[in-house]
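Biologist: Before we go through this model together, could you show me the sequence and the structure?

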Amino acid sequence: MMNKVKGTLHAMGTIILVYSILVFAGGLLGFIMKKSLPSLLGGGLFGLALVLTSIQTFILRKWGLYASFGLILLLDAFFSYRYLISYAFFPSGLMLLLSTVTLIILILKLKKLNAYSRSIP
């Protein structure tokens with residue numbers, strides 16, 4: 001049963017890592033396309049923070065998972081705000097979609113993780 005817990009945490013860490021790379025790439029793309037320094041700094045800082053929390057999740061520290069949830073929720077709120085102001089799908093709508101899908105997948109994995117944890121005597 002412990003291997004299932006480790007496998008689930010590693011899968012969650014991988015999802016967070018992929019999302020962090022997308023956040024960093026989005027910030028870099030914003031800088032390249034619009035010369036937006038806030039996009040570069042935001043994407044870089046949030047991307048780095050998410051990489052660090054994914055590493056913590058990989059080494060089986062649950063706080064890394066919860067910190068990732070917090071960071072992704074912040075980004076989801078930010079991109080929701082940006083989308084509601086501009087109604088432009090790119091970049092805010094796309095990042096909103098990615099953030100929401102990532103949160104849904106992580107919540108489903110967390111439910112699975114809690115089910116495994118309850119069955120451990």
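**A loop residue, a core and a helix pair**

Biologist: Which description fits Leu60: buried, partly exposed or exposed?

Modeller: In this predicted model, local features need pLDDT of at least 70 and side-chain atom pairs pLDDT 80 or more, while totals for chains, interfaces and linings use all residues. Residues are numbered from 1 along each chain as its sequence is written, and side-chain values use heavy atoms, without hydrogens or water. With a relative accessible area of 36%, and with buried meaning under 20%, exposed over 50% and the class in between measured against a 1.4 Å probe on protein chains only, Leu60 is partly exposed.

Biologist: What is phi of Leu60?

Modeller: Leu60 sits in the loop between the helices α2 (37–58) and α3, helices being DSSP runs of H or I with at least four residues, numbered from the N terminus. Most residues other than glycine have a negative phi. Leu60, which is not a glycine, has a positive phi, near 65°.

Biologist: Which helix supplies the largest share of the largest nonpolar core?

Modeller: That core, a set of buried Ala, Val, Leu, Ile, Met, Phe, Trp, Tyr and Cys residues joined through side-chain atoms within 4.5 Å, has 20 residues. At least two of its residues come from each of α1 (2–34), α3 (62–86) and α4 (89–118). The largest share, seven residues, belongs to α4.

Biologist: Are α1 and α4 roughly parallel or roughly antiparallel?

Modeller: Their axes are 10 Å apart and form an angle of about 170°. Because angles over 145 degrees count as roughly antiparallel, α1 and α4 are roughly antiparallel.

How values were computed
Axes fitted to C-alpha atoms, helices over the stretch in contact; angles between N-to-C directions. Parallel < 35°, antiparallel > 145°, perpendicular 65-115°, else oblique.
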